[in-house]
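Welcome! Please take a moment to look over the sequence and the model below, and then we will walk through them together.

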Amino acid sequence: MCESLSPASPHENPADPVDIIAITAARELDTVRAAMAGGVMHYLVKLFTSTVLLERLDQYVQHRQELRDHAAIAPSMLDQARIDRMLQPGALAPAALAAGAAAPTVPADSTGLSLSKGLSEVTLDAVVATLQRVVVGISASDVAQHLGLARLSARRYLEYLLAAERADITQKCGRAGRPEKLYHWTAAG
């Protein structure tokens, strides 16, 4: 299966790589090893819970976001830390992933704090830079729009910065409905 999705040579279509999440009942060592060699990012053995599937999909989405973020910021060269993070989705053995084992630990951000699961250092740096540029505060929606993120993703990064005491929050009232939360960068921490 993997061979039919991949180009015959790496030079045929290098711009359109195919990412694979295998969902299968096959548990034989040779099958799992062939899947790994074929580039399978995650290998889920039936029957698994929807929670396990959602975790793998979340990991995949985060992985793709990390690749997009890096391409937007520094498209050419990668350092070892970025390469390690790019390879992280395949860091656990497929059998461990299928059994629902915990994901590998997430690296610390540039402040030395451990990143929460699913957060990318590249995206965090972009959120911090955005916060540092604003004077009056910025909403999660505005951060999301500015960086091309989902609002919920932007909010997760902002909440991480709040918990790390790198940001403050104020509420902007005046319109009908809920008050808007505005995030501000702080020098605390």
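## A covered strand and its partner

Strand β2, residues 40–45, is mostly covered, with six of its six residues buried. Please keep in mind that this is a predicted model. Strand β1, residues 20–24, runs parallel to β2, and five bridges join the two. Two of the facing positions are easy to find: I23 stands opposite L44 in β2, and T24 stands opposite V45 in β2.

Which side chains of β1 are buried, and which are not? I20, A22 and T24 point to one face and are buried, while I21 and I23 point to the other face and are not. In general, the side chains of a regular strand alternate between the two faces of the sheet.

## The chain as a whole

Now step back to the full chain. It holds eight helices and four strands. Followed along the sequence, these elements come in the pattern α-β-α-β-α-α-α-α-α-α-β-β.

How much of the chain is buried? Of its 189 residues, buried ones make up 32%. Among the contacts with a separation of 6 or more, 45% come from residues 24 or more positions apart.

## Two crossing helices

Next, look for helix α6, residues 121–133, and helix α7, residues 140–147. Their axes come within 11 Å and cross at roughly 115°. The crossing of α6 and α7 is right-handed. As a general point, two packed helices are described by the angle and the distance between their axes.

Which residues meet where α6 and α7 come together? From α6 come A126, V127, T130 and R133, and from α7 come V143, H146 and L147. The residues of this contact of α6 with α7 divide into four nonpolar, two polar and one charged.

## Two nonpolar cores

In soluble globular proteins, nonpolar side chains tend to be buried together. In this model, the largest nonpolar core has 18 residues, and those that touch the most other members are L124, V127, L131, V143, L158, Y160 and L161. Helices α6, α7 and α8 (151–163) each supply at least two residues of this core. Helix α8 gives the most to this core, with five residues.

L161 is a good residue to click on. Setting aside residues up to four places away in sequence, L161 touches L124, V127, V128, L131, R166, A167 and W185. Apart from this core lies another one, of eight residues, among them I20, A26, V40 and Y43.

## Far in sequence, brought together in space

Helix α3 (50–73) has several residues worth comparing with partners further along the chain. Q65 has its place in helix α3. Is Q65 buried or exposed? Q65 is buried, because its relative accessible area is 14%, and the cut-off for buried is under 20%. The C-alpha atoms of Q65 and T123 are separated by 8.2 Å, although these residues are 58 residues apart along the chain. Leaving out residues up to four places away in sequence, Q65 touches T123 and L149.

V61 is also in helix α3. V61 counts as exposed because its relative accessible area is 52%, and exposed means over 50%. V61 and G118 are 57 residues apart in sequence and 8.9 Å apart in space, C-alpha to C-alpha. Another pair to look up is V122 and E66: these are 56 residues apart in sequence, yet 6.8 Å apart from C-alpha to C-alpha. V122 is found in helix α6, and with 2% relative accessibility it counts as buried.

## Two spots in the backbone

Finally, here are two places in the loops to visit. The peptide bond from K46 to L47 is cis, with omega near -10°. L47 has its place in the loop between β2 and α3.

The other spot is E165, in the loop between α8 and β3 (167–172). What is notable about phi of E165? Phi is near 60°, a positive value in a residue other than glycine. E165 counts as exposed because its relative accessibility is 53%.

Methods
Residues are numbered from 1 along each chain as its sequence is written. This is a predicted model: local features need pLDDT of at least 70, side-chain atom pairs count only at pLDDT 80 or more; totals for chains, interfaces and linings use all residues. Side-chain values use heavy atoms; hydrogens and water are left out. Axes are lines fitted to C-alpha atoms, for helices over the stretch in contact, and angles run from 0 to 180 degrees between N-to-C directions. A crossing is left-handed if the near helix is turned anticlockwise from the far one by less than a right angle, and right-handed if clockwise. Contact means heavy atoms within 4.5 Å. Ala, Val, Leu, Ile, Met, Phe, Trp, Tyr, Cys and Pro count as nonpolar, Asp, Glu, Lys and Arg as charged, and the others, Gly among them, as polar. A nonpolar core is a set of buried Ala, Val, Leu, Ile, Met, Phe, Trp, Tyr and Cys residues joined through side-chain atoms within 4.5 Å. Buried means under 20% relative accessible area, exposed over 50%, partly exposed in between (1.4 Å probe, protein chains only). Two strands pair if DSSP finds at least two bridges between them.
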